[in-house]
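The following exercises are intended for work with a sequence and its three-dimensional model side by side. Please attempt each task before reading its solution.

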Amino acid sequence: FFKQKTAYEISLGLVGSEMCIRDRFVAIAFLSIAVEAQRGLRVRIGTLVPDGSLWDETIHVMAQEWSRISDGAVRVQVFAGGVLGDEIEMVRKVRQGQLQAVALSSVGLSRIDESVACLQIPMLIESYEELDYVRERIAPTLEERIEAKGFKVLNWADGGWLHVFSKSAARTPDDLRSMRLFVSAGDPDSENLYKEFGFNAIPLSLVDLITSLQTGMLDAVPIVPLFAQIQELYKLTPHMLDVKLLPLVGGTVMSARAWNQLPAEHREGMLEASRRAGVQLRDEIRQMGDDSVIEMAKRGLIVNTPDVSMLSAWRNESERTYSSLRGDYCPGDIFDEVRRLRDEYRSAQ
C-alpha cells in the first residue's frame with residue numbers, strides 16, 4: 001500500500017509530507033471511483049445456453065447495442081454454458097448482486113414467479129403461431145408480476161419444442177414411466193407433478209446432465225432438439241419421440257436495482273434494443289430447431305413418430321394433468337387466460 005503512495009498522491013495533486021493516513025485512504029477511494037467511471041458500468045449476465053449458440057448470440061447482440069447506445073458507458077460481460085452454476089444458482093447470484101442479469105428458460109423464470117409456468121402446459125399450445133399470439137397478450141401481466149419480485153424483464157426468447165430423448169424407444173406414456181426421467185433440480189413442483197402421475201423423476205442440475213446419462217443415472221430427458229444437437233446428447237439418447245410436448249420459452253431478466261443504476265437517459269433505448277434482440281434471431285432459432293432433427297437423424301438418431309392412437313394417448317395424458325397444474329403449478333387466473341387466448345386464436349383461424 002505505502003509503496004504506491006507517491007503515484008496516488010501525484011495523480012491527485014496531493015503530494016505533501018503533512019498528508020495524514022486518512023487523507024491517503026480518501027484520496028485512493030476517489031481515484032478508484034474515477035478509474036471505474038472511466039471504465040464504465042459493468043453488467044454481468046449469466047446463462048446456461050451454450051457458448052456460440054444462437055441463443056448466446058442473441059445476448060451478445062443486446063450487449064453490443066447497449067454499448068453503442070451508452071457510448072461505451074455500459075459494458076456487458078456474458079458468462080455462457082453454465083459456468084456460474086445452474087439457473088437457480090444464477091438467480092440467487094442476481095439477488096445477491098454477484099450478477100446483474102441472467103438469461104433463463106421457463107424453469108428459472110418460474111422460480112422468480114410461477115405465472116411463467118402457464119406458458120409451459122403440456123400440449124396446450126400446439127404451434128408457434130399460437131405461442132406468439134398468447135405470449136404477446138399475456139406478457140404485460142407476466143412482466144408486472146416478475147417486476148414485483150425485483151426483476152426487470154428485458155426480453156422474451158424461444159428455446160424450441162420440448163421432445164423426449166431416451167436411450168430406448170418411449171412411444172407411449174407407460175414406456176416413459178419405466179425410465180429414469182430428468183427433471184431440473186430446484187423445481188419441486190415439476191418433480192412432484194411427474195411423480196403424481198407415475199413417472200420416475202430424477203432431479204438433477206442441467207450442468208450434470210451429460211455425466212448423469214453417461215453413468216446410467218438417467219434414461220430419458222425432455223429437451224429441445226437444437227440443444228440436443230449442440231451438446232451431442234443424441235449420442236447418449238438415440239431415440240426421440242416426435243411429439244411436441246410444449247414450446248420452451250425463456251427470457252432475460254435484470255435485477256431492478258442494477259437496472260436503476262443504468263444511465264437514466266439511455267434506459268428506454270436499451271430496453272427497446274433488448275426487445276429487438278429477443279426477436280431478431282427468433283425465426284432462425286425456430287428453423288434450426290427443425291433442421292437439427294434432420295441433421296441428427298443423418299447421424300443415427302431414431303425419430304419415433306406416433307400413430308393416431310399413440311398421439312391421442314399423449315394428448316389425453318397431458319390433459320389429465322391440467323386440473324393438478326391449475327392453481328398448484330401456476331396461478332389459476334393466468335392458466336385460464338392463457339387457455340382463453342389460445343381458444344381465441346383458434347376460433348379466428
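The exercises below proceed from the whole chain to single helices, cores, rings and individual residues of this predicted model.

**Exercise 1. Overall composition**

Task: State how many helices and strands the protein chain has, and what percentage of its residues count as buried.

Solution:
- Step 1. The assignment of secondary structure gives 16 helices and 10 strands in the protein chain.
- Step 2. The protein chain has 349 residues, of which 50% count as buried.
- Step 3. Among contacts with a separation of 6 or more, 75% are between residues 24 or more positions apart.

**Exercise 2. The buried side of α14**

Task: Determine which residues of helix α14 are buried, and which elements they pack against.

Solution:
- Step 1. Helix α14 runs over residues 308-320, 13 residues in total. From its first C-alpha to its last it reaches 18 Å, close to the 18 Å expected at 1.5 Å a residue.
- Step 2. W314, E317 and S318 are the buried residues of this helix.
- Step 3. Around the axis they cover an arc of only 100°, and therefore lie on the same side of α14.
- Step 4. The packing partners of these buried residues are α7 (173-177), β8 (239-241) and α15 (322-329).

**Exercise 3. Two nonpolar cores**

Task: Identify the residues with the most contacts inside the largest nonpolar core, and the element that gives the largest share of this core.

Solution:
- Step 1. The largest nonpolar core contains 53 residues. Those with the most contacts inside it are I121, I146, W156, L176, V253 and V338.
- Step 2. Two or more residues each are given to this core by α4 (87-96), β3 (101-105), α5 (106-112), α6 (128-148), β4 (151-166), β9 (246-255), α15 and α16.
- Step 3. Helix α6 provides eight residues, the largest share.
- Step 4. For V253, the contacts beyond four places in sequence include A101, V102, L104, L109, I112, I146 and V153.
- Step 5. Another core, of 46 residues, lies apart from the largest one; among its members are V49, W66, F227 and L271.

**Exercise 4. Aromatic pairs and charges over rings**

Task: Classify the geometry of the Y128 and W161 pair and of the Y194 and F199 pair, and find the arginine that lies over the face of F199.

Solution:
- Step 1. A search of the whole structure yields five aromatic pairs.
- Step 2. In the pair of Y128 and W161, the centres are 5.3 Å apart and the planes make an angle of 50°, a tilted arrangement.
- Step 3. Because Y128 lies in helix α6 and W161 in strand β4, this pair ties together parts that are 33 residues apart in sequence. Both Y128 and W161 are buried.
- Step 4. The ring centres of Y194 and F199 are 6.0 Å apart with planes at 85°, so this pair is edge-to-face.
- Step 5. Y194 counts as partly exposed because its relative accessibility is 26%, whereas F199, at 11%, counts as buried.
- Step 6. R177 lies over the face of F199, 4.7 Å from the ring centre. R137 is placed over the face of Y133, at 3.6 Å from the ring centre.

**Exercise 5. Three residues and their surroundings**

Task: For Y345, H239 and L226, decide whether each is buried or exposed, and list contacts beyond four places in sequence.

Solution:
- Step 1. Y345 belongs to helix α16 (residues 332-348). Its relative accessibility is 14%, so Y345 counts as buried.
- Step 2. Y345 touches E129, E130 and Y133. The C-alpha atoms of Y345 and E129 are 8.7 Å apart, although 216 residues separate the two in sequence.
- Step 3. H239 is part of strand β8. With 14% relative accessibility, H239 also counts as buried, because the cut-off is under 20%.
- Step 4. The contacts of H239 are V164, F165, S166, K167, S168, A169, L301, I302 and N304.
- Step 5. L226 is located in helix α10 (residues 225-230). Its relative accessible area is 4%, so L226 is buried.
- Step 6. The contacts of L226 are W55, I285, M288, G289 and S292. Between the C-alpha atoms of L226 and R286 the separation is 9.1 Å, with the two residues 60 apart along the chain.

Key: Residues numbered from 1 in each chain as written. Predicted model: local features only at pLDDT ≥ 70, side-chain atom pairs only at ≥ 80, totals over all residues. Heavy atoms only, no water. Helix = DSSP H or I, 4+ residues; strand = E, 2+ residues; numbered from the N terminus. Expected span 1.5 Å × (residues − 1). Buried < 20%, exposed > 50% of the residue type's maximum accessible area, 1.4 Å probe, protein only. Arc of directions from axis to C-beta. Contact = heavy atoms within 4.5 Å. Core = buried A, V, L, I, M, F, W, Y, C linked by side-chain atoms within 4.5 Å. Phe/Tyr/Trp six-rings, centres within 6.5 Å; stacked < 30°, edge-to-face > 60°. Lys NZ or Arg CZ within 6 Å of the ring centre and 35° of its normal.
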